[in-house]
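Welcome, and thanks for opening the viewer. Keep your selection tool ready, and we will go stop by stop.

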Amino acid sequence: MAELQDKTLNCRDCQKEFVFTIGEQEFYREKGFENEPKDCADCRKAKKQARRDNWNRKDR
Ligand SMILES: [Zn+2]
């Protein structure tokens, strides 16, 4: 098995660099995800939050 290393990726949303850590890579591999994350942790969190907000605002 190839040795894992922290990877630096660019967020597609804010273009900021973020680290795809070894721990996260192992987690992805374990889950069978083949793609690397496209968003940094902040954007992912923001998106999750936005989705939750949408739910609450469903009957707008
Ligand atoms: Zn981002």
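Before the first selection, one term: two strands pair if DSSP finds at least two bridges between them. The strands themselves (E, at least two residues), like the helices (H or I, at least four residues), are DSSP runs numbered from the N terminus. What you are looking at is a predicted model, in which local features need pLDDT of at least 70, side-chain atom pairs count only at pLDDT 80 or more, and totals for chains, interfaces and linings use all residues. For your selections, residues are numbered from 1 along each chain as its sequence is written.

**The whole chain**

Start with everything shown as a cartoon. You should find two helices and two strands, and following the sequence gives the order β-β-α-α. The radius of gyration (taken over C-alpha atoms) is 15 Å, well over the 10 Å that the globule rule (2.2 Å times the number of residues to the power 0.38) gives for 60 residues, so the chain is more spread out than a compact globule. Along its principal axes, the C-alpha trace spans about 50 × 25 × 15 Å.

Now colour by pLDDT, the predictor's confidence in each residue, from 0 to 100. The mean for the chain is 91, and 93% of the residues reach 70 or more.

How much of the chain is buried? Of its 60 residues, 2% count as buried. A residue is called buried if 20 or more other C-beta atoms lie within 10 Å of its own, exposed if 12 or fewer, and partly exposed in between, with C-beta atoms placed from the backbone.

**Stop one: the two strands**

Select residues 7-10, which form strand β1, and then 17-20, which form β2. Four bridges join the two, and they run antiparallel. Show side chains to pick out the partners: Lys7 stands opposite Phe20 in β2, and Asn10 stands opposite Glu17 in β2.

Next, click on Val19, which lies in strand β2. Val19 is exposed, with 12 other C-beta atoms within 10 Å. Two residues are in contact if their C-beta atoms, placed from the backbone, lie within 7 Å. Leaving aside residues up to four places away in sequence, Val19 touches Asp6 and Thr8. Try a distance from Val19 to Thr8: their C-alpha atoms are separated by 4.5 Å, although the two residues are 11 apart along the chain.

**Stop two: the turn of the hairpin**

Where is Gln15? Select Gln15 and you will land in the loop between β1 and β2. The hairpin has six residues between its strands. The phi of Gln15 is near 65°, a positive value in a residue other than glycine. Gln15 is exposed, with 8 other C-beta atoms within 10 Å.

**Stop three: helix α1**

Move on to residues 22-31, helix α1, which is hardly covered: the count of buried residues among its 10 residues is zero. While the helix is selected, a general point may help. An α-helix has 3.6 residues a turn, so residues three or four places apart point the same way.

Gly23 has its place in this helix and counts as exposed, with 10 C-beta neighbours inside 10 Å. Gly23 and Gln5 are 18 residues apart in sequence and 9.5 Å apart in space, C-alpha to C-alpha.

Gln25 is found in α1 as well. Is Gln25 exposed or partly exposed? With 17 other C-beta atoms within 10 Å, Gln25 is partly exposed. Gln25 touches Leu4 and Phe20, not counting residues up to four places away in sequence. Between Gln25 and Leu4, which are 21 residues apart along the chain, the C-alpha separation is 7.8 Å.

Step off the end of α1 to see Gly32, whose phi is positive, near 80°.

**Last stop: helix α2**

Finish with residues 41-56, helix α2. From its first C-alpha to its last, α2 reaches 23 Å with 16 residues, close to the 22 Å expected at 1.5 Å a residue (1.5 Å times one less than the number of residues). α2 is hardly covered, and the count of buried residues among its 16 residues is zero. For a final look at the colours, confidence is lowest in α2, at a mean of 92, and highest in strand β1, at 97.
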